[in-house]
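Welcome! Take a moment to look over the sequence and the fold, and then let us walk through some of the details together.

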Amino acid sequence: MPIPDISISHVPFRDAEADALVLAVASVEDLDADRFPGLRTALDAIAFTGKKGSYQRVHAPEYTDKPLAVVGI
């Protein structure tokens with residue numbers, strides 16, 4: 001199995017050429033609904049708070065069709 005590459009890019013998050021997306025958040029309450037449509041609703045549905053060290057894969061088709069993981073920082 002190949003080792004995945006991790007990179008930092010200035011390309012808009014949803015437009016990234018990636019197999020999956022990882023979003024680090026300090027607080028779910030700080031997510032901008034216009035910038036991340038449907039994501040807050042999906043995270044609220046699974047009671048994700050964004051607590052430091054928390055991790056959750058989430059399905060948010062309004063935001064992206066790629067696999068999405070959210071990490072609390």
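Is Ala47 buried or exposed? Ala47 is exposed, with a relative accessible area of 61%. Please keep in mind that this is a predicted model. Ala47 sits in the loop that runs between α1 and β2. Its backbone deserves a look too: phi of Ala47 is near 60°, a positive value in a residue other than glycine.

**The nonpolar core**

From an exposed loop residue, let us turn to the interior. The largest nonpolar core has 15 residues, and those touching the most other members are Leu23, Leu31, Leu39, Leu43, Val58, Leu68 and Val70. At least two residues of this core come from each of β1, α1 and β3.

Val70 is a good place to start exploring. This residue belongs to strand β3, and Val70 is buried, with a relative accessible area of 0%. Leaving out residues up to four places away in sequence, Val70 touches Leu23, Val25, Leu39, Leu43, Phe48, Ser54, Tyr55, Gln56 and Val58. For a sense of distance, Val70 and Ala45 are 25 residues apart along the chain, and their C-alpha atoms are separated by 14 Å.

Leu43 offers another view of the core. With residues up to four places away in sequence again set aside, Leu43 touches Val28, Leu31, Phe48, Val58 and Val70.

**A salt bridge in the helix**

How many salt bridges are counted here? The count comes to one salt bridge. The side chains of Arg40 and Asp44 form it, with 3.2 Å from N to O. Why are these two residues about one helical turn apart? The reason is that Arg40 and Asp44 are four residues apart in helix α1, which covers residues 39-45. Arg40 is partly exposed, with a relative accessible area of 30%, and Asp44 is also partly exposed, at 43%.

**Pockets**

The table sets out the two pockets by volume and by the kinds of residues in their linings.

| Pocket | Volume | Nonpolar lining residues | Polar lining residues | Charged lining residues |
|---|---|---|---|---|
| Largest | about 670 Å³ | 15 nonpolar | two polar | four charged |
| Second largest | about 230 Å³ | seven nonpolar | no polar | three charged |

The largest pocket has a volume of about 670 Å³. Its lining is made of 21 residues, and Ser7, Ala18, Ala20, Leu21 and Val22 are the closest to its centre. Three elements give two or more residues to this lining: β1 (21-25), β2 (55-58) and β3 (68-72).

Which residues line the second largest pocket? They are Pro12, Phe13, Arg14, Asp15, Val22, Leu23, Ala24, Arg35, Phe36 and Tyr63. Val22 is listed here, and Val22 is also among the residues closest to the centre of the largest pocket. Leu23, another residue in the lining of the second largest pocket, is one of the core residues that touch the most other members.

**A proline in a loop**

Our last stop is Pro37, found in the loop between β1 and α1. Pro37 counts as partly exposed, at 24% relative accessibility. Apart from its neighbours within four places in sequence, Pro37 is in contact with Arg14, Glu62 and Tyr63. Two of these partners, Arg14 and Tyr63, also appear in the lining of the second largest pocket. Pro37 and Lys66 are 29 residues apart in sequence, and from C-alpha to C-alpha they are 14 Å apart in space.

Notes
Residues are numbered from 1 along each chain as its sequence is written. This is a predicted model: local features need pLDDT of at least 70, side-chain atom pairs count only at pLDDT 80 or more; totals for chains, interfaces and linings use all residues. Side-chain values use heavy atoms; hydrogens and water are left out. A salt bridge is a side-chain nitrogen of Lys or Arg within 4 Å of a carboxyl oxygen of Asp or Glu. Buried means under 20% relative accessible area, exposed over 50%, partly exposed in between (1.4 Å probe, protein chains only). On a 1 Å grid over the protein atoms alone, a cavity is a set of points where a 1.4 Å probe fits but cannot get out, and a pocket is an open set with protein on both sides within 12 Å along at least five of seven lines; lining residues have an atom within 4 Å of a point. Grid points are joined across faces, edges and corners, and a volume is the space filled by probe spheres set on the points. Ala, Val, Leu, Ile, Met, Phe, Trp, Tyr, Cys and Pro count as nonpolar, Asp, Glu, Lys and Arg as charged, and the others, Gly among them, as polar. A nonpolar core is a set of buried Ala, Val, Leu, Ile, Met, Phe, Trp, Tyr and Cys residues joined through side-chain atoms within 4.5 Å. Contact means heavy atoms within 4.5 Å.
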